Amino acid sequence: MMARALRLAARGAWTTKPNPMVGCVIAHGEEVVGEGWHQRQGGPHAEVFALQAAGARARGATAYVTLEPCNHTGRTGPCAAALLEAGVARVVGAMRDPFPQVDGAGFARLREAGVVVESGLMEAQARALNLGFLSRIERGRPWVRVKLACSLDGRTAMASGESKWITGEAARADVMRWRARAGAILTGAGTVLVDDPSLTVRLDPPQEFVAPLRVVLDPGLATIARGKVREGDAPTLYLHAPDIKPPRELSAERAHVPVKGGMFDLPAVLALLAQRGVNEVHVEAGATLAGALLGAGLVDELLLYVAPVVLGDKARPLFAGLDIASMAQSLRMSIVDQRQLGVDLRLRMRPATA
């Protein structure tokens, strides 16, 4: 039942942000009488949909929910109260919700009303489902996922900057799905000037998603009046150095971030995005920004698309600025999964020391 609830929750990956993904199954023994998932921010929570489906059969049933039911009134009413009103006898939660307005209060209210409450079933899977939300709440920064495409010899572009296209259509379509689940797509001014990316989500076939915020790290606002990153319906945020005076005619949203030693204070960048409700940051940038994030220990996950092509030693590397002098200093990664996409190979990796 909990595995089913987790699969339901995952359906909201592109639409619930910045809220967590939540699924709920209501059952009498092995008979499912209602189920639902949180479909979009501001809409009913998973428990509400499941209770509506169950109707009167919710009385005396067990509710399996992937995250602790809320006990506060936000855009919707408290789910703990809805479960009590429906007469649910038992609630099995995968995990406690660390969000300050919940954080045990939902379970406590249910127990006080005489409902049997159990927690911890498939908790590891529930945490993995909402790793971005949990990162924002527990660490004060989003989950950082860096996407890179490279040749067999680890090169991302020719010396001239030419890089279209290293990978094939299947790999590029996969990138769109990762973009769709992100709260923000982060890049640097150099990438905007050289590649002129739009950084939008283009799904085939079209599906519902909340457009991620496009974030450009541009200390001097060199790209403010140009580029596809300004086009389309997706919002764009420019982050610049504190001492820069933006043009009077500037219409784009902007914010200043501290600069240390000529480089952006990257933890401050991530803290700012967390304050804006960003759970997952999808990074599509050049070797300088990718290397800076990796060197600072801020990369939580690496999406590496490897194409069966060789670009040569004059082509550009994956990461720049990493001062590694010995094998003992090497940054080791653990492979989470690997997948063949057309002729390309996708490796999803995390730092081995995490």
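Let's begin inside this predicted model, at strand 9, where Leu-213, Val-215 and Leu-217 point one way, Arg-214 and Val-216 point the other way, and all are buried. That two-way pattern fits a general habit: in a regular strand the side chains alternate between the two faces of the sheet. Because 5 of the 5 residues of strand 9 (residues 213–217) are buried, the strand is largely enclosed by the rest of the structure.

What lies alongside it? Strand 8 (residues 184–188) runs parallel to strand 9 and is joined to it by 5 bridges. If you would like a landmark for this pairing, take Leu-186, whose bridge partner in strand 9 is Val-215. To get from strand 8 to strand 9, the chain passes through helix 8 (residues 189–195), and this β-α-β crossover is right-handed. Strand 9 also pairs with strand 10 (residues 236–240), again in the parallel sense, over 4 bridges. Here Arg-214 is a handy marker, standing opposite Thr-236 in strand 10.

Now turn to the N-terminal part of the chain and another sheet. Five strands form an open sheet with mixed pairing, in the order 2-1-3-4-5. Its edges are strand 2 (31–37) and strand 5 (116–119), each of which pairs on one side only. From one strand to the next, the twist averages 15°. At one end of the order, strand 4 (residues 90–93) and strand 5 run parallel and are joined by 4 bridges; Gly-93 has Ser-119 as its bridge partner in strand 5. As a reminder of what holds such arrangements together, strands of a sheet pair through backbone hydrogen bonds, either parallel or antiparallel.

Two helices lie across strands of this sheet. Helix 1 (residues 2–10) lies across strand 1 (23–28), strand 2, strand 3 (62–65) and strand 4, and runs at about 150° to strand 1. Helix 2 (residues 46–54) lies across strand 1, strand 2 and strand 3, running at about 140° to strand 2.

With those elements in place, let's look at the charged side chains. Side chains of opposite charge can pair when their charged atoms come close. The structure holds 21 salt bridges, and a good one to visit is the pair Arg-145 and Glu-280, whose side chains meet at 2.8 Å, N to O. This pair links distant parts of the chain, with Arg-145 in strand 6 (residues 143–150) and Glu-280 in strand 14 (residues 280–283), 135 residues apart. Are these two residues buried or exposed? Arg-145 is buried, with a relative accessible area of 2%, and Glu-280 counts as buried at 5%.

Glu-280 has a further partner: its side chain meets that of Arg-181 in a salt bridge of 2.7 Å, N to O. Because Glu-280 lies in strand 14 and Arg-181 in helix 7 (residues 169–181), this pair ties together parts that are 99 residues apart in sequence. Like Glu-280, Arg-181 is buried. These contacts belong to a wider network of salt bridges, which links Arg-145, Asp-174, Arg-177, Arg-181, Glu-280, Glu-301, Asp-337, Arg-346, Arg-348 and Arg-350.

Arg-346 is another member of that network worth a stop. You will find Arg-346 in strand 18 (residues 344–351), and at 3% relative accessibility it counts as buried. A polar contact of 3.0 Å joins its side chain to that of Asp-174. Leaving aside neighbours within four places in sequence, the residues in contact with Arg-346 include Trp-178, Leu-303, Tyr-305 and Asp-337.

For a contrast in setting, consider the salt bridge between Asp-265 and Lys-260, where the closest N and O atoms are 3.4 Å apart. Asp-265 is buried, with a relative accessible area of 15%, whereas Lys-260 counts as exposed at 58%.

Our last stop is Ser-151, in the loop between strand 6 and strand 7 (155–157). Although Ser-151 is in a loop, it counts as buried at 1% relative accessibility. Its side chain makes a polar contact of 2.3 Å with the side chain of Asp-153. Which residues does Ser-151 touch, not counting residues up to four places away in sequence? They are Ile-166, Val-306, Ala-307, Val-309, Val-310 and Leu-311.

How values were computed
Residues are numbered from 1 along each chain as its sequence is written. This is a predicted model: local features need pLDDT of at least 70, side-chain atom pairs count only at pLDDT 80 or more; totals for chains, interfaces and linings use all residues. Side-chain values use heavy atoms; hydrogens and water are left out. Two strands pair if DSSP finds at least two bridges between them. Axes are lines fitted to C-alpha atoms, for helices over the stretch in contact, and angles run from 0 to 180 degrees between N-to-C directions. Contact means heavy atoms within 4.5 Å. A salt bridge is a side-chain nitrogen of Lys or Arg within 4 Å of a carboxyl oxygen of Asp or Glu. Buried means under 20% relative accessible area, exposed over 50%, partly exposed in between (1.4 Å probe, protein chains only). A polar contact is a pair of N or O atoms within 3.5 Å; within protein, one must be able to donate a hydrogen and the other to accept it, and residues adjacent in sequence count only if both atoms are side-chain atoms. A crossover is right-handed if, with the strands pointing away from the viewer, the path from the first strand over the helix to the second runs clockwise.
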